[in-house]
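Work through the exercises below with the structure open. Try each task before reading its solution.

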Number of protein chains: 2
Amino acid sequence: MRGKPTLRDVAERAGCSITTTSNILQGRSHLYKEDMVQRVLSAAHELGYRPNSVARSLARRRTATIGVVLDPQHARLTHNVYAHDVLDGILAFLEPRDYDIRLITPRTNDPAAVWRRIDNGSIDGAILIAPVMGSPLLEWQHYSTLPVVAVGSTLPEEYLLSQVDIDNDAAMASLTEWVIQQGHRAIGFIKGHPLHWSAHQRERAFRRVMAQHGLPVREEWVLQGNYGSESGAYAAGQLLCQKELPTAVICANDDMAVGFLQKCRELEIPVPDAISVAGFDDIYWARQLGLQLTTIQHDRYQVGYLAAQMLLHQIETGESRPQRMLLPGTLVVRRTVALAHALASVPISEATILTEGGSRL
Amino acid sequence: MRGKPTLRDVAERAGCSITTTSNILQGRSHLYKEDMVQRVLSAAHELGYRPNSVARSLARRRTATIGVVLDPQHARLTHNVYAHDVLDGILAFLEPRDYDIRLITPRTNDPAAVWRRIDNGSIDGAILIAPVMGSPLLEWQHYSTLPVVAVGSTLPEEYLLSQVDIDNDAAMASLTEWVIQQGHRAIGFIKGHPLHWSAHQRERAFRRVMAQHGLPVREEWVLQGNYGSESGAYAAGQLLCQKELPTAVICANDDMAVGFLQKCRELEIPVPDAISVAGFDDIYWARQLGLQLTTIQHDRYQVGYLAAQMLLHQIETGESRPQRMLLPGTLVVRRTVALAHALASVPISEATILTEGGSRL
DNA sequence: GCCTGCTATAGAAACGCTTCTAAAACTTCC
DNA sequence: GGAAGTTTTAGAAGCGTTTCTATAGCAGGC
């Protein structure tokens, strides 16, 4: 016996066949006499036998491993707070079920290469983390027959992908609704990264609710961001130097809201006294730092957990009809959004005029 | 041909043997006539053949996968900023070399179970992320013969583990040195998590430098934290209500420093006017939020990158003597540490007295 | 023209496990 | 006491690769 002990070594030592050994070691010991069972068990223990998972995977035709694939766009985990929470949820579900995780971070945009890497027989299914528009991950159908679940992007139906995500639309709608209820009429918006579906969904919800309330959206108050906090600060710079200002600004995510707040501090514009700011995501460090940001909180951990569950279900049942599962977000009211009528009547009192003067949906 | 095409299918289609096919597909085409090579290549392409990595691993006796193992203590990735950066570095090194990563998060403290999970033939080596004292990961020697590299913990030699880490001792020494150079004599310290080696190393360096300068360390100014920001805030509460205060406080990491700063703000104690605060780690969000924290910056990404490199070297050469590699940290001077003599002479002017009155190393 | 020494190709044995199928060994029953 | 059944065990064929070794085919040298 050179190297690691194999099933054959155990069998020899116990004086029985490989089959017997394999069966007993897999827990099918009711097939054998107590005596045999003991012999095998102790032989295995004495040799320190550990089954080789590669050989097992080959024989069983399943690997008990699932792939977690990061979009090439945001393959650097570091600043991808989203991925951490989701990954935690995935791990939490999979670990007790003896599934392992293979982390795949393609660095190319060639879908054939990407999928060759993902679907090479080493995983039973994959979770795609937040594929963006144009991502090679979305070419799934042409390159793989693996069960797949996408998280963090609510994709159009035609991609035929199962998905778990938060309900961006409903959450942003309720946030906007609430800001309006605080008496704000003049509301600005900082948009998220243009390649993220969520950015569009959040913007659309904002506009819809504004329209429902008959409030105009002034395009000079709608600024492009990219979900990064610098872009929030930049947008703040752009916005705050305008002649007329909104009384409130909704940022498509917290990172940008944090950047926005910083810029406000820099320019010595008090929040929420001069302007109200809302975010979306309820990120850890904003909370940690006591920024008291009013925002939408949602359970990313749960997204990961449910995605893993959905994927395992697909793997085990062979069910392949794509499903979509949307989790609700919760409005968290803190202190960066004030009542509009309590505002100092700086340039912001224009607000009331705007309600009439506004032009488009 | 049911299911995925195999090497045999390609061979049949190309009208040659499996060996030939395998050789050509692995790039050994100089062995064959151009004609044959073309036949095989196009057959493979037409069938959409993709080699099965599990079978390949079994035959080659290597998996081209390395395991990244999180200590059960901090298996939740979410708030483990450290792990993200390291993981990024690991990925960056491994991806272009066609190695994959298996993420392993044991949830138990039984070393046998943990190592059964890690070393089951599915990986060629492992990187252990920040094993803490008493971690089952440290039992390595008894349970595995896999090449292993530990990162994020500078362990005692007797564990016989290769390691890559930052030089906690040197970095904390230079930070302390610098604070002293700013004229501070009365310096407090907030300790890190007692199970982390780094916490002890940082504390020891602090004490040593203080002693070298003949400065006493007042034990009522040395408070236990746990690397979490809440613990920093708590320690601040404990410290700041004392009769005599230090003029500066060094926190064993940034998270605690952030907590400390928040508490200061809460208590309306101006930093650095009333008290100076230093951190260690230079975390992203502290920077992001413009806290201007004076701290030690170090390259966690690089730690991961080098660890992966070291591990691959061990795997490929069979070299197994444990090596240790320590990366230097860099002092980043921002604004939370002021010159001591520029301080308002609040209770803090006691400082000068302390230099004499102090008691112990 | 036969042996030597190439090159080009194929056969077959691993790798370590699972599992289907078959065959011994032992009951039981009429 | 032998057919029929039941329990216990073993044989052997995969799983899809890699790779060692063997064998054709075909020059060239004497």
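Two strands count as paired if DSSP finds at least two bridges between them. The model is predicted.

**Exercise 1. Describe the sheet of chain A that contains β8 and β9, and find the residue opposite A:Ile250.**

Solution.
- Start with the pair. Strand β8 (residues 248-251) of chain A is joined to β9(A) by three bridges, and the two run parallel.
- Find the partner. A:Ile250 faces A:Ala278 in β9(A).
- Widen the view. The open sheet has four strands, ordered β7-β6-β8-β9 in chain A, with parallel pairing.
- Check the edges. β7 (222-224) and β9 (276-278) of chain A each have a single partner strand, so one side of each lacks a neighbour in the sheet.
- Add the twist. On average, neighbouring strands of this sheet are turned by 15 degrees against each other, direction ignored.
- Place the helix. Helix α8 (residues 168-181) of chain A lies across β6 (187-191), β8 and β9 of chain A. The angle between α8(A) and β8(A) is about 170 degrees.

**Exercise 2. Determine which strands pair with β2 of chain B, and in which sense.**

Solution.
- Recall the principle. Strands of a sheet pair through backbone hydrogen bonds, either parallel or antiparallel.
- Look within the chain. Strand β1 (residues 65-70) of chain B runs parallel to β2(B), with five bridges between them. Here B:Ile66 is opposite B:Ile101.
- Look across chains. Strand β2 (residues 100-104) of chain A pairs with β2(B) over three bridges, in the antiparallel sense. A:Arg102 has B:Arg102 as its bridge partner.
- Test the faces. B:Asp100, B:Arg102 and B:Ile104 lie on one side, B:Ile101 and B:Leu103 on the other, and all are buried. Both faces of β2(B) are therefore covered, taking buried as under 20% relative accessible area.

**Exercise 3. Decide whether A:Val40 is buried or exposed, and list contacts.**

Solution.
- Locate the residue. A:Val40 is in helix α3 (residues 34-47) of chain A.
- Classify. Its relative accessibility is 0%, so A:Val40 counts as buried.
- List contacts. Leaving out residues up to four places away in sequence, A:Val40 touches A:Val10, A:Ala14, A:Cys16, A:Thr21, A:Ile24 and A:Leu25.

**Exercise 4. Check the length of helix α11 of chain B and examine both ends.**

Solution.
- Compute the span. Helix α11 (residues 254-266) of chain B has 13 residues, so at 1.5 Å a residue it should span 18 Å. Its end C-alpha atoms are 18 Å apart, which agrees.
- Inspect the start. A side-chain oxygen of B:Asn253 comes within 3.4 Å of the backbone nitrogen of B:Asp255.
- Inspect the far end. Just after α11(B), B:Glu268 has a positive phi of about 60 degrees.
- Find the cover. The buried residues of α11(B) include B:Phe260, B:Leu261 and B:Cys264. Among the elements covering the buried residues are β6 (187-191), α10 (229-240) and β8 (248-251) of chain B.

**Exercise 5. Map the protein surface near DNA strand D.**

Solution.
- Count. DNA strand D is surrounded by 25 residues, and the closest are A:Ser17, B:Leu7, B:Ser22, B:Tyr49 and B:Arg56.
- Split the atoms. Of the atoms of DNA strand D that come within 4 Å of the protein, 65% belong to sugar and phosphate.
- Assign elements. α2 (18-25) and α4 (53-60) of chains A and B each supply at least two residues. α4(B) gives the largest share, four residues.
- Pick out polar contacts. Phosphate oxygens of DNA strand D lie 2.6 Å from a side-chain N or O atom of B:Ser22 and 2.9 Å from a polar side-chain atom of B:Arg56. A polar side-chain atom of A:Thr19 is 3.0 Å from a base oxygen.

Key:
Residues are numbered from 1 along each chain as its sequence is written. Chains are lettered from A and ligands numbered from 1 in the order in which they are written. This is a predicted model: local features need pLDDT of at least 70, side-chain atom pairs count only at pLDDT 80 or more; totals for chains, interfaces and linings use all residues. Side-chain values use heavy atoms; hydrogens and water are left out. Buried means under 20% relative accessible area, exposed over 50%, partly exposed in between (1.4 Å probe, protein chains only). Contact means heavy atoms within 4.5 Å. The expected span of a helix is 1.5 Å times one less than its number of residues. A polar contact is a pair of N or O atoms within 3.5 Å; within protein, one must be able to donate a hydrogen and the other to accept it, and residues adjacent in sequence count only if both atoms are side-chain atoms. Axes are lines fitted to C-alpha atoms, for helices over the stretch in contact, and angles run from 0 to 180 degrees between N-to-C directions. A residue is near a molecule or strand if one of its heavy atoms lies within 4 Å of it.
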